[in-house]
Amino acid sequence: MDLGPHAGFIVGAYAFTALVVGGLVAAALLDQRAQKRALAVFEARTGERRS
């Protein structure tokens with residue numbers, strides 16, 4: 001596949017997009033872990049659990 005004279009820009013844009021999307025996924029996973037830990041602490045403190 002020939003990307004022509006703009007190959008560097010196209011590949012760079014795709015690489016940057018993949019980096020940003022990967023960062024967003026990583027941030028969401030880290031936040032999920034933090035929220036689960038916070039919820040576990042809250043549930044342990046109150047003794048209540050809601051479904």
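L24 sits in helix α1, which takes in residues 7–46. The model is a predicted one, and α1 is a good place to start with it, since the chain holds 1 helix and 0 strands. Counted out, α1 has 40 residues. From its first C-alpha to its last, the helix reaches 58 Å, close to the 58 Å expected at 1.5 Å a residue. Just after α1 comes G47, and this glycine takes a positive phi of about 75°.

The overall dimensions tell a matching story. Along the principal axes, the C-alpha atoms of the chain fill a box of roughly 65 × 15 × 10 Å. The radius of gyration of the chain is 21 Å, whereas a compact globule of 51 residues would come out near 10 Å. A pair of residues gives a feel for the distances involved: D31 and G8 are 23 residues apart in sequence, and their C-alpha atoms are 34 Å apart in space.

What about burial? Of the 51 residues in the chain, just 2% are buried. The chain exposes about 4800 Å², and 66% of that area is supplied by carbon and sulfur atoms.

Two residues of the helix show how this plays out locally. L24 counts as exposed because its relative accessibility is 59%, and the cut-off for exposed is over 50%. D31, which also lies in helix α1, has a relative accessibility of 42%, so it counts as partly exposed. That value falls in between the limits of under 20% for buried and over 50% for exposed.

L24 is also part of a surface feature. Together with F16, L19 and V20, L24 makes a nonpolar surface patch of about 440 Å². Some helix geometry is handy when looking at such a group: an α-helix has 3.6 residues a turn, so residues three or four places apart point the same way. On screen, the patch can be found by picking out F16, L19, V20 and L24, with L24 placed in α1.

Key:
Residues are numbered from 1 along each chain as its sequence is written. This is a predicted model: local features need pLDDT of at least 70, side-chain atom pairs count only at pLDDT 80 or more; totals for chains, interfaces and linings use all residues. Side-chain values use heavy atoms; hydrogens and water are left out. Patches are made of residues with over 30% relative accessible area and no salt bridge: like charges are joined within 9 Å, nonpolar side chains (Val, Leu, Ile, Met, Phe, Trp, Tyr) within 5 Å. Accessible areas come from the Shrake-Rupley method with a 1.4 Å probe; for residues, only the protein chains shown count as cover. A salt bridge is a side-chain nitrogen of Lys or Arg within 4 Å of a carboxyl oxygen of Asp or Glu. Helices (H or I, at least four residues) and strands (E, at least two) are DSSP runs, numbered from the N terminus. Buried means under 20% relative accessible area, exposed over 50%, partly exposed in between (1.4 Å probe, protein chains only). The expected span of a helix is 1.5 Å times one less than its number of residues. The radius of gyration is taken over C-alpha atoms; the globule rule is 2.2 Å times the number of residues to the power 0.38.
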